[in-house]
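Thanks, everyone. Please bring up the sequence and the model, and follow along with me.

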Amino acid sequence: MNKVILMGRLVRDPEVRYSQGNEPLAVARYTLAVNRRFKRQGEQDADFIGCVAFGKAGEFAEKYFKKGQMVSIIGRLQVRSWDDNEGKKRWSTDVVVEEQYFAESKASFESHRDSAPVATTNATAAQANSSDGFYPVDESIEDDDLPF
């Protein structure tokens with residue numbers, strides 16, 4: 001089974017291109033900054049995960065998704081490889097979006113966006129606001145303490 005569920009903030013507005021052909025297809029690419037639940041000292045606070053949405057989902061992302069917005073997606077991992085101009089093998093792993101949702105209210109996003117300080121790095125931009133309406137997670141609980 002290949003299923004991915006993510007929730008994070010958009011690092012930048014989605015980039016949309018249209019395929020060539022008789023019926024052009026929208027292809028939206030965006031990056032989600034997904035906070036890590038646990039981190040070791042010196043590690044970054046978030047993972048930056050590339051997502052791609054096709055067709056109507058791509059058009060939706062272009063029209064409604066904005067930088068800094070909290071979104072939730074369901075999709076599948078896709079790994080592809082190619083040879084670059086120098087003949088080196090390159091790899092890319094993206095999440096192909098099958099479903100996408102707003103994960104915060106418009107009012108919450110507006111207040112978050114208006115009050116957010118100007119970020120100087122991607123890691124700073126990825127840090128989520130703890131007062132965004134989600135239940136806080138107790139970071140002191142170890143995985144061994146969980147019943148599953």
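Start at Asp83. Is Asp83 buried or exposed? Its relative accessibility is 51%, and the cut-off for exposed is over 50%, so Asp83 counts as exposed. Keep in mind that this is a predicted model.

Where does Asp83 sit? Its place is in strand S5. Strand S5 covers residues 70-83. What does Asp83 contact, once neighbours within four places in sequence are left aside? The answer is Lys88 and Lys89.

Now the hairpin. S5 pairs with strand S6, residues 89-102. The sense is antiparallel, and there are 13 bridges. For one facing position, find Ser81, which stands opposite Trp91 in S6. Between the two strands of the hairpin there are five residues. Look at Gly87 in that hairpin: its phi is positive, near 85°.

S5 has another partner. Strand S1, residues 4-10, pairs with S5 over six bridges. That pairing is antiparallel too. Here Leu6 stands opposite Ile73 in S5. A general point while we are on strands: in a regular strand, side chains alternate between the two faces of the sheet.

Next, a second aspartate. Asp94 has its place in strand S6. Buried or exposed, this Asp94? Relative accessibility is 10%, and buried means under 20%, so Asp94 counts as buried. Set that beside Asp83, which counts as exposed.

What does the side chain of Asp94 do? It makes a polar contact with the side chain of Arg29, at 3.4 Å. It also makes a polar contact with the side chain of Ser92, at 3.4 Å. Leave out residues up to four places away in sequence, and Asp94 touches Arg29, Gly50, Val52, Arg76, Leu77, Gln78 and Arg80. So Arg29 turns up twice: in a polar contact with Asp94, and in that list of residues touched.

Last stop, the helix. Helix H1 spans residues 56-64, and Ala61 is in it. How accessible is Ala61? The value is 0%, so Ala61 counts as buried.

Which residues does Ala61 touch, not counting those up to four places away in sequence? They are Pro14, Ala28, Tyr30 and Gln100. Take Tyr30 from that list. Ala61 and Tyr30 are 31 residues apart in sequence. In space, C-alpha to C-alpha, the two are 8.7 Å apart.

To recap: Asp83 in S5 is exposed. Asp94 in S6 is buried. Ala61 in H1 is buried. Over to you for questions.

Technical notes
Residues are numbered from 1 along each chain as its sequence is written. This is a predicted model: local features need pLDDT of at least 70, side-chain atom pairs count only at pLDDT 80 or more; totals for chains, interfaces and linings use all residues. Side-chain values use heavy atoms; hydrogens and water are left out. Two strands pair if DSSP finds at least two bridges between them. Helices (H or I, at least four residues) and strands (E, at least two) are DSSP runs, numbered from the N terminus. Buried means under 20% relative accessible area, exposed over 50%, partly exposed in between (1.4 Å probe, protein chains only). Contact means heavy atoms within 4.5 Å. A polar contact is a pair of N or O atoms within 3.5 Å; within protein, one must be able to donate a hydrogen and the other to accept it, and residues adjacent in sequence count only if both atoms are side-chain atoms.
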